[in-house]
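These are my notebook entries on a single protein chain. I set down what I looked up, in the order in which I looked.

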Amino acid sequence: MFEVDQEGPMSAYRVLTAPSPLRDIEARHPALRGAKSPMQTIGIKSPSSDSDKRSGQDPGRDLVPLLAGMAVAVAGVGAVLALVDADSPLRGPFTLFFLLVAPGAAIGAALRGLDPFARTVVSVAGAIAVDLLVAQGMLAVHRWSVHGGIVAVTAISSLVLLLVAVRRLRKRMGKIRSSRQVTAKPTKT
């Protein structure tokens, strides 16, 4: 493949010449005639959509329940850390998170008719109002305590969630009763 060039001042250097003609197998290769190689003919298969059909939603929507579960866990840990007087650096932020999330979630559950942004704004404002009312009430009766505040906020939030659950249950039972009355045909005697 390398030849020595004898004509010229640089006759001592090797010069790279053109490659030898194609070998027999290379000359018969289908790509030389414009055919696609086997790797170009393999189609890209779409991923199985059984999981999307099964759940009825896109994968990004699975993130919301995960984040909600994490928020409940952090809020619960904050309430427990405050109630047991744990000496932890996470006690303050987690307890504050609980004091905002517990009443906010309860108020947000009660306001399902609003659009998401308005519901979020009203829930946060309501959570702050509940916390301030609990603190003001405890100061007014001279019974201020961290434990009492946590218990009072938990009780108010639980009561609101219980009322929302009862309201939804009554609405559902009313729909069931009305659908039974509509489907039941009166018999002529």
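Entry 1, burial. I took a residue as buried when its relative accessible area is under 20%. The model I examined is predicted. With that cut-off, I found that buried residues make up 14% of the 189 residues in the protein chain.

Entry 2, overall layout. I listed seven helices and two strands in the protein chain. Read from the N terminus, I noted the order of elements as β-β-α-α-α-α-α-α-α. I then turned to contacts with a separation of 6 or more, and recorded that residues 24 or more positions apart account for 43% of them.

Entry 3, helices H5 and H6. I looked up how helix H5 (residues 91–110) and helix H6 (residues 116–140) are placed, and found that their axes come within 8 Å and cross at roughly 125°. I therefore entered H5 as oblique to H6. The crossing in which H5 passes H6 is right-handed. On the H5 side, I listed Leu99, Leu100, Pro103, Gly104, Ile107 and Gly108 as making the contact. On the H6 side, I listed Arg119, Val122, Ser123, Gly126, Ala127, Ile128, Val130 and Asp131. Sorting the contact of H5 with H6 by class, I obtained eight nonpolar, four polar and two charged residues.

Entry 4, salt bridges. I asked how many salt bridges a search of the whole structure finds. The search returned one. I identified a salt bridge between the side chains of arginine 91 and aspartate 85, with an N to O distance of 3.4 Å. I counted this pair because the distance falls within the 4 Å cut-off for a side-chain nitrogen of Arg and a carboxyl oxygen of Asp. As a general remark, side chains of opposite charge can pair when their charged atoms come close. I checked the exposure of both partners: arginine 91 is partly exposed, at a relative accessible area of 25%, and aspartate 85 is also partly exposed, at 46%.

Entry 5, backbone of aspartate 85. I located aspartate 85 in the loop between helix H4 (63–83) and H5. Its phi is near 55°, a positive value in a residue other than glycine.

Entry 6, histidine 142. I noted a positive phi of about 60° at histidine 142, although this residue is not a glycine. Where is histidine 142 found? I placed histidine 142 in the loop between H6 and helix H7 (146–183). Is histidine 142 buried or exposed? I recorded histidine 142 as exposed, because its relative accessible area is 69%.

Note on methods. Residues are numbered from 1 along each chain as its sequence is written. This is a predicted model: local features need pLDDT of at least 70, side-chain atom pairs count only at pLDDT 80 or more; totals for chains, interfaces and linings use all residues. Side-chain values use heavy atoms; hydrogens and water are left out. Axes are lines fitted to C-alpha atoms, for helices over the stretch in contact, and angles run from 0 to 180 degrees between N-to-C directions. Helices (H or I, at least four residues) and strands (E, at least two) are DSSP runs, numbered from the N terminus. Angles under 35 degrees count as roughly parallel, over 145 as roughly antiparallel, 65 to 115 as roughly perpendicular and the rest as oblique. A crossing is left-handed if the near helix is turned anticlockwise from the far one by less than a right angle, and right-handed if clockwise. Contact means heavy atoms within 4.5 Å. Ala, Val, Leu, Ile, Met, Phe, Trp, Tyr, Cys and Pro count as nonpolar, Asp, Glu, Lys and Arg as charged, and the others, Gly among them, as polar. Buried means under 20% relative accessible area, exposed over 50%, partly exposed in between (1.4 Å probe, protein chains only).
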